[in-house]
Amino acid sequence: MNMTTKAGSLVAVGDSLSEGVGDPCRGGALKGWIHYLTSEPPGLELVANLARSGTTVATLRRDQLERAVALAPAYITCVIGVNDVIAGHFDIRRFEDDYAQVLAELSAAATVGVLTMTLHDVAAALPASRARRAELRRRIAEANEVIERVSRRHGAWMVDARTAARVDRAEIVCVDRLHPNRRGHRYLAALAGDVLRARGGAVPEPRAAIPDADPLRERIASGARHTLWVVRHLVPPLVGALFTARRAGRVRASAPPADRRY
């Protein structure tokens, strides 16, 4: 049964990028680009942000898809894939199967349209070896081909992060070198707003541009809040997973499961 009928209603699904990680406010709550996209009237109204850290396209399909479809908003944002490409194993065929099913159901549920986003160059800002960077970029390219092809098939509107500013040069990432900072999230909101505005969405100005940097004091405070958020929310499950793996004798030489970090 359709639960949402408002013309400007929006539901977000995805991983920590849409959850708002990297942009904590006082008290530990997260803002992020979904917040900025929906917080300025007249514009879109956020019904639910279902995005959660560590989500892959398969876990999105399992844990978020049904609720998003039931809400049946005007718009749905679906930004996913980073945890898939930085994981120890990446199966592009399974990724495409899951992504295609997710978009098919979201496109049928959204009364106006679905907004997707390609993956940015995660490797650019990470302290990885040359070989690891090359492998990450190969996976990102494969995933982006799927995102672009499936989005086109279902008529989804796509933000192309490949043409956005280089995250390692624009000072729009936070201290973990993986998530956007407040400035980066505001930039993503502007990019998404441009795409929606071009399709007739009620999204206020300004058009996409990298916002001015926050004052130094606010940048320091934001970085400290993000570090505390990471310690509280991401370190315990990662430590628990490593402890369990060691006890079972299954620790590999490769990096620990990266989907806990995004």
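**Exercise 1.** In this predicted model, find which residues V114 is in contact with, leaving aside its neighbours within four places in sequence.

*Solution.* Start at V114 and look for heavy atoms within 4.5 Å. With the neighbours within four places set aside, you should arrive at I76, C78, L103, L106, S107, A156 and W157. Now step back to see the wider setting. V114 is among the residues with the most contacts inside the largest nonpolar core, which has 36 residues. C78, L103 and L106 are on that list too, along with V13, F95 and Y99. Next, ask which elements give two or more residues to this core: they include the strands β1 (9–14) and β3 (75–79) and the helices α6 (92–109) and α7 (130–153). Finally, look elsewhere for a second, separate core; this one has 24 residues, including L17, L37, L44 and L196.

**Exercise 2.** Work out whether E19 has a salt bridge, and find a polar partner for its side chain.

*Solution.* First place the residue: E19 lies in helix α1, residues 16–19. Then check its surroundings: E19 is buried. The nearest side chain of opposite charge belongs to R52, 4.6 Å away. A salt bridge needs 4 Å or less, so this pair does not qualify. Last, look at S53: its side chain joins that of E19 through a polar contact of 2.6 Å.

**Exercise 3.** Compare the span of helix α8 with the expected value, then decide how many of its residues are buried.

*Solution.* Take residues 182–198, which make 17 residues. From first C-alpha to last, α8 reaches 25 Å, close to the 24 Å expected at 1.5 Å a residue. Now count the covered positions: 13 of the 17 are buried. To finish, visit the start of α8, where a side-chain oxygen of N181 comes within 3.1 Å of the backbone nitrogen of R183.

Key
Residues numbered from 1 in each chain as written. Predicted model: local features only at pLDDT ≥ 70, side-chain atom pairs only at ≥ 80, totals over all residues. Heavy atoms only, no water. Core = buried A, V, L, I, M, F, W, Y, C linked by side-chain atoms within 4.5 Å. Buried < 20%, exposed > 50% of the residue type's maximum accessible area, 1.4 Å probe, protein only. Helix = DSSP H or I, 4+ residues; strand = E, 2+ residues; numbered from the N terminus. Expected span 1.5 Å × (residues − 1). Polar contact = N/O pair within 3.5 Å; in protein donor to acceptor, adjacent residues only side chain to side chain. Lys, Arg positive; Asp, Glu negative; His and termini not counted.
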